[in-house]
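Work through the exercises below with the structure in view. Try each task before reading its solution.

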Amino acid sequence: MNYNELLREKILLAEQHRDETEQILKAAKPRQKTGFAEFIRDMVLGLGLKNVFYGIQDVAVITIAVAAGMITLLYGISPEYRQADFELYGLVFALSPLIYMTFFLLSFIKEKTEGCFDVKMSCRYTALHLCTFRMFICGIFCMIINALSALVIALRAQTSFTELAAISFSSLFLFALVMILSLLRFGTKGCFVPLGIMAACIILSSFSWFNTLLKNIPTAAYLVLGATLLVLNQSVLNKINRRYSYAVR
């Protein structure tokens, strides 16, 4: 076999391998990535809520107890506070993320301290998927609790429910966004960032100028801010889901 025949045989063999490779690639089913809607459906129907909250039932009980305790304390607010010109806007802004932060920080710390975080990260449903879904459910729960709290304060202290609910709405998703960004940036130490901001807001709520500032901001501005923060927060959760996305069954 001369050189030309050998070269021709190599070319034909290479073309044959290329054709076989293309056929295999065309026959292979593309790996689907989950969008957020598919992610929620897969977590609820695929994994199930029982498994999603497995191992953190105590955290859920503590969170519910804190929520019940907060509403009970708020119910003790007297209408005399309003007459004494005692403004609650600062405290509402500072304490609205309390339930959210309680649940998230306790569940996150428990996941890290159990010693199986790395193992869960290798599963189809990683620890971050569980955390993302839990944050979604907790956000809905906190909006309900905050709305009830705002209603209790409005009735007892004779203030505007709409204003308090709008402040609570924007504050909740502001702290939620700060929390997730801090944890992604600094790891476990990032927990101190939202806690520090909350402590600062509680201190500022004792000053009349801070309460006046919050009260003078239009309700519509709070609603727009809260909606924007909600979209941004959801965008971050979507990025986490895509970064560690799994194939749909």
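**Exercise 1: a residue at the surface**

Leu-213 has 46% relative accessibility, so Leu-213 counts as partly exposed (buried is under 20% relative accessible area, exposed over 50%, partly exposed in between, with a 1.4 Å probe and protein chains only). This is a predicted model: local features need pLDDT of at least 70, side-chain atom pairs count only at pLDDT 80 or more, and totals for chains, interfaces and linings use all residues. Residues are numbered from 1 along each chain as its sequence is written, and side-chain values use heavy atoms, with hydrogens and water left out.

Task: find the helix that holds Leu-213.

Solution: Go to residues 208-216. They form helix α12, and Leu-213 lies there (helices are DSSP runs of H or I, at least four residues, numbered from the N terminus).

**Exercise 2: aromatic pairs**

Task: how many aromatic pairs does the structure hold?

Solution: Count four (rings of Phe, Tyr and Trp, the last by its six-membered ring, pair if their centres lie within 6.5 Å; planes under 30 degrees apart are stacked, over 60 edge-to-face, the rest tilted). One of them joins Phe-93 and Phe-175, edge-to-face, at 6.4 Å centre to centre and 65° between the planes.

Next, place the rings. Phe-93 lies in helix α6 (residues 89-95) and Phe-175 in helix α10 (residues 161-186), so the pair ties together parts 82 residues apart in sequence.

Then check burial. Phe-93 is buried at 12% relative accessible area. Phe-175 is buried too, at 3%.

**Exercise 3: a ring cluster**

Task: which residues do ring pairs link into a cluster?

Solution: Phe-207, Trp-209 and Phe-210. Phe-210 is buried, at 8% relative accessibility.

Terms used:
Helices (H or I, at least four residues) and strands (E, at least two) are DSSP runs, numbered from the N terminus.
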